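Student: Can we go through this model together, a piece at a time? I'd like to pick up how you read it.

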Protein chains: 2
Amino acid sequence: MDKDTITLRTKTWIVDENKDTLFGAGQLKILETIERTGSISAAAKEMKMGYRSMWGRIRKVEQRTGKSLLIRHKGGSDGGRSELTEDAKLMVSRFKALQQRIDDAAQDIFHAIYFPE
Amino acid sequence: MDKDTITLRTKTWIVDENKDTLFGAGQLKILETIERTGSISAAAKEMKMGYRSMWGRIRKVEQRTGKSLLIRHKGGSDGGRSELTEDAKLMVSRFKALQQRIDDAAQDIFHAIYFPE
DNA sequence: TTTCGATATGTCAACAAAAACATAACGATT
DNA sequence: AATCGTTATGTTTTTGTTGACATATCGAAA
């Protein structure tokens, strides 16, 4: 139990009444990357995951929350692009704050219990 | 995003320098059940998991922490039994407190961000 | 009206984690 | 020394999740 080698990890996510995930760290990263890159496929490439699975994860959240996360622009010379809806932007900013604050608190508690001075 | 239907979930665990799990909710429950029932096999039966996998999970933690979690009594008319070492008892009580306090804090933060009055 | 890259969606393969199966060894009690 | 339920451990199946493959559609611009 050495302070330098052991680490606390936490995971935080939001579920619906069926315990299905509505939002978590994965969704957060996906949406942030889409916002920055401008499309699902570019985001998938950057995150080194398949377009298919990224698309599927987004759809799941959309179905479960009943809100669309992306404004899709299909076709065009550039093939198309996607941007976040206002709902998605809210989800991102809220969850980011949530995650940050929970992780900070968790680390404090961890140190207080495991390494009191 | 309805207060009555969405829920925050958190997971907390401790890892070593290789990110391998040293202790988590699963180990906690396993050790608590062994302590109460008096043996690995009884605990496995109660938790509806195989003896083999429970035994393997305990061994992993023992190998990674370098501490033995159980005092094993093999053989005898009753077949044998196992009890927790002092190290294991400490791990259980510490982690239980950790988990509880982190989850409480997480719920507070969740409500503050998602359902401010 | 042809092109091009992105969205949309079904299906199938691959890999990992957990469970199931199978024995061997152990030792206090009878 | 025979018994019994437990510990110990290797091997094999099952299962579940992730990624790979395949294909159709879309529509602005050339």
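Here are some questions and answers on symmetry, DNA contacts, pockets and cavities in this predicted model.

Student: Let's start with the two protein chains. What kind of axis relates chain B to chain A?

Tutor: Look at the superposition: chain B goes onto chain A with an RMSD of 0.1 Å. The operation is a turn of 180 degrees with a shift of 0.0 Å along the axis. That rotation and shift are the relation of a two-fold axis.

Student: Which residue of chain B has the C-alpha nearest the axis?

Tutor: The turn to keep in mind is the one of 180 degrees. The C-alpha in question sits 2.5 Å from the axis, and it belongs to Lys11(B).

Student: How much of the contact surface of chain B recurs in chain A?

Tutor: Go back to the superposition, with its RMSD of 0.1 Å. The same surface serves both copies, and the share of chain B contact residues that recur in chain A is 100%.

Student: On to DNA strand C. Which element gives the largest share of the surface near it?

Tutor: There are 20 residues around DNA strand C, with Ile40(A), Tyr51(A), Trp55(A), Arg72(A) and Gly76(B) coming nearest. By class, that surface has three nonpolar, eleven polar and six charged residues. The largest share is three residues, and they come from helix 3 of chain A.

Student: Which residue puts a polar side-chain atom 2.8 Å from a phosphate oxygen of DNA strand C?

Tutor: Start from the DNA side: 61% of the strand C atoms within 4 Å of the protein belong to sugar or phosphate, and the rest to bases. Base nitrogens of strand C are approached by backbone N or O atoms, at 3.0 Å for Gly79(A) and 3.3 Å for Ser77(B). The side-chain approach to a phosphate oxygen, at 2.8 Å, is made by Arg72(A).

Student: And DNA strand D? Which residue has a polar backbone atom 2.8 Å from one of its phosphate oxygens?

Tutor: Around strand D there are 20 residues, and the closest are Gly76(A), Ile40(B), Tyr51(B), Arg72(B) and Gly79(B). Sugar and phosphate make up 60% of the strand D atoms that come within 4 Å of the protein. A side-chain N or O atom of Trp55(B) lies 3.3 Å from a phosphate oxygen, while a polar backbone atom of Asp78(B) lies 3.4 Å from a sugar or linking oxygen. The backbone atom at 2.8 Å from a phosphate oxygen belongs to Ile40(B).

Student: Which element gives the most to the surface near DNA strand D?

Tutor: That surface divides into three nonpolar, eleven polar and six charged residues. The top contribution is three residues, from helix 3 of chain B.

Student: Now the pockets. Which element gives the most to the lining of the largest pocket?

Tutor: The pocket holds about 420 Å³ of space. Of the 16 lining residues, the closest to its centre are Thr10(A), Lys11(A), Thr12(A), Ala25(A) and Gln99(A). Strand 1 (7-15), helix 1 and helix 4 (86-114) of chain A each give two or more residues to the lining. The biggest giver, with six residues, is strand 1 of chain A.

Student: What is the volume of the second largest pocket?

Tutor: Its lining includes Trp13(A) along with chain B residues, among them Lys11(B), Trp13(B) and Asp103(B). Strand 1 of chain B supplies the largest share, five residues. By class, the lining has three nonpolar, six polar and three charged residues. The space in this pocket comes to about 330 Å³.

Student: Last topic, the cavities. How many residues in the lining of the largest cavity are nonpolar?

Tutor: The search turns up two cavities of 30 Å³ or more, and the largest has a volume of about 40 Å³. Lining it are Phe23(B), Gln27(B), Ile30(B), Leu31(B), Arg57(B), Ile58(B), Val61(B) and Leu69(B). Set aside the one polar and one charged residue, and the nonpolar count is six.

Student: Which element supplies the largest share of the lining of the second largest cavity?

Tutor: About 30 Å³ of space lies in that cavity. Gln27(A), Ile30(A), Leu31(A), Arg57(A), Ile58(A) and Leu69(A) line it. The largest share, three residues, comes from helix 1 of chain A.

Note on methods
Residues numbered from 1 in each chain as written. Chains lettered and ligands numbered in written order. Predicted model: local features only at pLDDT ≥ 70, side-chain atom pairs only at ≥ 80, totals over all residues. Heavy atoms only, no water. Near = heavy atom within 4 Å. Polar contact = N/O pair within 3.5 Å; in protein donor to acceptor, adjacent residues only side chain to side chain. Helix = DSSP H or I, 4+ residues; strand = E, 2+ residues; numbered from the N terminus. Nonpolar A, V, L, I, M, F, W, Y, C, P; charged D, E, K, R; others polar. 1 Å grid on protein atoms, 1.4 Å probe; cavity = no way out; pocket = protein on both sides within 12 Å on 5 of 7 lines; lining within 4 Å. Points joined across faces, edges and corners; volume = space filled by probe spheres on them. Least-squares fit on C-alpha atoms with pLDDT ≥ 70 in both. Contact = heavy atoms within 4.5 Å.
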